[in-house]
Amino acid sequence: MLFRLFSLLAVLLIVPTSLLVTVHTPARAETVGSVTGLPIPRYVTLRADEVNVRTGPGVRYPVDWVFVRENMPVEIVSEFENWRKIRDFEGTEGWVHQSMLSGRRSVLVIGRKQTLRREATDSSPAVAHMEAGVVAWLDSCVREWCEIEVSGLSGWVHRSAIWGVRVDESLR
């Protein structure tokens, strides 16, 4: 009887642990969206200065929060009919209607103050200095550098200084 009790406790302790490993291990391989056929995950931009983010894919789900910054980059992590599950730069996720998203790419300056350079080298002259939180349009990325446009100025910034582009992504 005591052996049976220990066996039952062992099963109860082992099963939840294995379920947690299965549930919380994110798939890193790129997939294709079932609705659009486009890569998942992928980066897009918020189309409006007010975008409702819902707890589920539909108007019957409550609004969890509201984005209030047009052109902010977000990452699409899932699709369901006309709804896209997005993730922001802090990792928060929710559902938005696809009409509130644009394919034009923007990036968010992260970390400390960053330097926008004339050419894609650390020794190139500075065009501007950007504070964290600045949103810029993404033009291209080559290796560790990305060309961006912000407030009418164009230049190059380290890929690691921005959010909204994958490490292995090449854009021309």
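This briefing walks through the disulfide, the salt bridges and a few backbone oddities of the structure above. Bear in mind that the model is predicted. A search of the whole structure turns up one disulfide and six salt bridges. One residue to keep an eye on is E169, which pairs with R105 in a salt bridge and also touches C141.

**The disulfide**

- The two cysteines involved are C141 and C146, and their sulfur atoms sit 2.1 Å apart.
- Looking for others won't get you anywhere, since the whole-structure search finds one disulfide.
- As for handedness, the torsion about the S-S bond of C141 and C146 is about 105 degrees, so this disulfide is right-handed.
- Neither end is left out in the open: both C141 and C146 are buried.

**Salt bridges around R87**

- Side chains of opposite charge can pair when their charged atoms come close.
- R87 pairs up with E75 in a salt bridge, at 3.0 Å from N to O.
- That pair has E75 in strand 6 (residues 73-80) and R87 in strand 7 (residues 83-87), so it ties together parts that are 12 residues apart in sequence.
- R87 also meets E93 in a salt bridge, with an N to O distance of 2.8 Å.
- How exposed or buried are these partners? E75 is buried at 8% relative accessible area, R87 is partly exposed at 23%, and E93 is partly exposed at 31%.

**The E169–R105 pair**

- E169 and R105 join their side chains in a salt bridge, 2.9 Å from N to O.
- Here the link is between distant parts of the chain: E169 is in the segment after strand 16 (162-163), while R105 is in the loop between strand 9 (101-102) and strand 10 (106-109), 64 residues apart.
- Both partners fall under the 20% cut-off for buried, with E169 at a relative accessible area of 14% and R105 at 15%.
- Back with the other salt bridges, those that share partners join E75, K85, R87 and E93 into one network.

**More on E169**

- Besides its salt bridge, the side chain of E169 reaches the backbone nitrogen of R166 at 3.0 Å.
- What does E169 touch, leaving aside residues up to four places away in sequence? The answer is Y43, R105, C141 and R159.
- Two of those names have come up already: R105 is the salt-bridge partner of E169, and C141 is one half of the disulfide.

**Backbone oddities**

- The peptide bond from I40 to P41 is cis, with omega near 0 degrees.
- You'll find P41 in the loop between strand 2 (39-40) and strand 3 (42-46).
- R143 isn't a glycine, yet its phi is positive, at about 50 degrees.
- Where does R143 sit? Look in the loop between strand 13 (135-142) and strand 14 (145-150).
- With 68% relative accessibility, R143 counts as exposed.
- S151 is another non-glycine with a positive phi, again about 50 degrees.
- S151 belongs to the loop between strand 14 and strand 15 (153-158), and with a relative accessible area of 74% S151 is exposed.

Methods:
Residues numbered from 1 in each chain as written. Predicted model: local features only at pLDDT ≥ 70, side-chain atom pairs only at ≥ 80, totals over all residues. Heavy atoms only, no water. Disulfide = S-S within 2.5 Å. Buried < 20%, exposed > 50% of the residue type's maximum accessible area, 1.4 Å probe, protein only. Salt bridge = Lys/Arg side-chain N within 4 Å of Asp/Glu carboxyl O. Helix = DSSP H or I, 4+ residues; strand = E, 2+ residues; numbered from the N terminus. Polar contact = N/O pair within 3.5 Å; in protein donor to acceptor, adjacent residues only side chain to side chain. Contact = heavy atoms within 4.5 Å.
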